[in-house]
Amino acid sequence: MIIMQWRQIHRWLGLWAGALALLIGVTGLILTFFPVRDTWQAVRAEPGLPVALLAQRTAAQVAGIEEIRRLPSGDIVAYSFDGDQARASRIDPASGQVLGDYQASAVERWVRNLHRSFMLDDPGRLGAAGVALAMLLLTLSGTLMLARRLGGWRRLVAGRIRGTPAQRIHGFTGRILVLVLALSSLTALYMSASTFSLIPSDADVDPDVISAPGELPDLPVGAQPLLQALSADGLRKLNFPSPDDPEDVWTISTDAGDGWIDRRSGHVLAWHPASVARTAYDWIYALHTGQGLWAWALVLGLAGLCIPVFWVTGFLIWRQGRVQVPRLENNSPARRADTLIFVASEGGTTWGFAQALHEALARNGHAVHTAPLERFQVPESARQVFILAASYGDGQAPAHAARALDRIARLTAGTVPVTVLGFGDRQFPAFCGYAEALDRTLRAAGWPQTLPLDCIHQQSAQQFDRWGAALSRALGEELALNYVPRIPPLFPLEVVERQDYAGGTADPTVILRLRWQDSGAMARLMGRSMPHFEAGDLVGIVPPGSPVPRYYSLASGFRDGFLEICVRRMPGGVCSGFLHGLKPGDRIQAFIKSNPGFTLGVSRHPVVLIGAGTGVAPLAGFIRGNVRKTPMFLYFGARNPDEDFYFGTALRHWLEEGRLSALRTAFSRIKDGGGYVQDALRRDADRLRALVAQGAVLRVCGSRPMAAGVAEALNEILRPLGLDVRGLRERGRYAEDVF
Ligand SMILES: Cc1cc2nc3c(=O)[nH]c(=O)nc-3n(C[C@H](O)[C@H](O)[C@H](O)COP(=O)(O)O)c2cc1C
């Protein structure tokens, strides 16, 4: 429940306070330049130089001196009144000589005013404090949302951020800078609170002290005991006693505290050690401004630079999110609908199924209302309700629906049947976890249902049809669910190379290498260019004359600079036939579908890859991308090394390079070829056990019967370790891509 609120807060604040944060970020970025420059230019006193000596040297060179200040950069400035001329001079602490006039930068002052108060004095300061609070809430809500998106707090640091480039840039910069931004906001709030006297500060109460009257002459500054004892390293300012006032005293302010000294005797008349509040303020000030901490100032500058990036990418994400919900032409108002369909979707595909259900029911004369799940309601007119819900992270709700479950749990059960259909992916341990949670809640509350919970794996159109048929029977009406997958934006790809395997006992197969065109930075940011993909993700290709895309596993990643697939020609296959007919220079349209449960990411543990036939394609992609040379072991089953040893040459090359540690083959159609891939596994049982004991990650790709055979063999092999495929899968160490 809280997360939904955070999300709303994040969006709302991001859009509205974001514009002001942009101004504060840019001015903050400019302001960090000054401490860096000042530190580089500063002429500092040698460490440990006594204040007495510094003051003596300076007083000898500067007539009418009144005050010496040490700036946060380390520069020493003397303020004097010579005749009627007030002067500020930069001093060389080694000699006391004047280096030149000191002038605070007017640009710096102007930018600081803009940064602190938008040039509006106190109301502006309050506004700036409001923006700091907004920034703090933005970083907090953003962190919560990112943790959730990555599937838990533990993945917050290293988990892979997926999505459009805008989403990835937003998440990536946020992850790096969240601490700096939170600290900047917190320190700004503290300073604002101090400005408005909301927190106790060190009220500078001067003690009521005077230099004792007497005939003695002034003790020379160089002989003042306290000034001899204090080092210039911690000096803030030293005020000289006025020549015209015999009762005036020396006043010194240091990091450790403030002191008052008799001008004639040199006695310390009062010493106020720095209070905790003052020390805290000093640290907070330095942390916020980077003054005296030039490296930190650079980090702050980077954070300031990121704010415009945040704002722009955040805005783009918001826009992209808005266009996902399809426009349903015949959406009845909820209060008049007899059928309600509620949808929870992150990637948008579930909406396509909802649309098919909506249209089928509407064609049958129902008044259908479809809406996002967070608007769940059962109006009086309702006769049936459906919830179509995808699962994310660790079986969690899609972000927009995070609060829906709590809402539904609070409702009193009615008599209208509420049926849940889940969408998920079996690769994830919590398969359809969110749909299950919804169903559990509804049943526990006592809502009836038209059909029991069903779960659709990987957006299977066939499974959805079967569910539709069951629904037809349950409702006693003919339902024609025309689910047409919503095809995401297509990208043109050009064939650059093809490598043919003529087949023989195996079907003819081709490895196609394709390339895309760069569509420019703006299109990339908006997610309108070729999206990033990884080996093991899928490319969707819509063959001419068919509305349904076919998916092929990718044997390359975006970083390889090309897209490669391995296509077996299926007898009568529309898409495989089309792809086999392509020659270099031909173009096709395609889109990328992520396959997050299967792709490998960066693995610190050894990797065991098991594939047969064209199923070796994504595994070859993993090996190709293994630039870190993580130990990878490939078990490859084919029929005949002369016919279907796909990627054979590349695999041998990767073995030599060390991207592949070992290759074990099994050829089923030649004498002494080693049988099937599961036979190769059994022969290597000892090594497999050792690898799994070391934490190995396993990926299996090939036909369904092959995957079943592999799982059976592995279960036998792993039994002595007390492990099995199911357990490994639950821990995210085992995933299959089967066809
Ligand atoms: C990052 C990510 C995490 C996922 N986590 C799960 C999960 O925990 N359980 C599950 O069953 N499916 C999971 N899936 C699969 C989606 O639920 C499935 O692809 C669904 O059909 C997507 O529907 P949508 O496009 O409407 O969001 C995940 C998908 C992605 C991209």
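**Strands, a crossover and a ligand shell**

Visitor: What makes strands S9 and S10 a pair in this predicted model?

Guide: Strand S9 (residues 339-344) and strand S10 (residues 368-372) are joined by five bridges and run parallel. Pairing requires at least two bridges, so these strands count as a pair. Val343 stands opposite Pro372 in S10.

Visitor: Why is the crossover from S9 through H10 to S10 called right-handed?

Guide: The chain goes from S9 through H10 to S10, a β-α-β crossover that is right-handed. The term applies because, with the strands pointing away from the viewer, the path from the first strand over the helix to the second runs clockwise.

Visitor: Which residues surround the ligand most closely?

Guide: The shell has 25 residues, and the closest are Ser345, Gly347, Thr350, Ala390 and Gly424. Helix H10 (349-363) and strand S12 (418-424) each supply at least two residues of this shell.

Visitor: What makes Gly count as polar, and how many residues of each class are in the shell?

Guide: Gly is counted among the polar residues by the convention used here. By class, the shell holds nine nonpolar, 12 polar and four charged residues.

Visitor: Where does the UniProt record place the "transmembrane region" annotation?

Guide: The unreviewed UniProt entry puts it at residues 12-34, 126-147, 176-199 and 293-318. In the model, residues 12-34 are 96% helix and 0% strand, with end C-alpha atoms 33 Å apart. Residues 293-318 are also 96% helix and 0% strand, and their end C-alpha atoms lie 37 Å apart.

Visitor: What confidence does the predictor give?

Guide: The protein averages a pLDDT of 90, and 96% of the residues score at least 70. For the complex, the ipTM is 0.98 and the pTM is 0.58.

Definitions and conventions. Residues are numbered from 1 along each chain as its sequence is written. This is a predicted model: local features need pLDDT of at least 70, side-chain atom pairs count only at pLDDT 80 or more; totals for chains, interfaces and linings use all residues. A residue is near a molecule or strand if its C-beta atom, placed from the backbone, lies within 6 Å of it. Helices (H or I, at least four residues) and strands (E, at least two) are DSSP runs, numbered from the N terminus. UniProt positions are given in the numbering used here, feature names are shortened, and annotations may be inferred rather than shown by experiment. pLDDT is the predictor's confidence in each residue, from 0 to 100.
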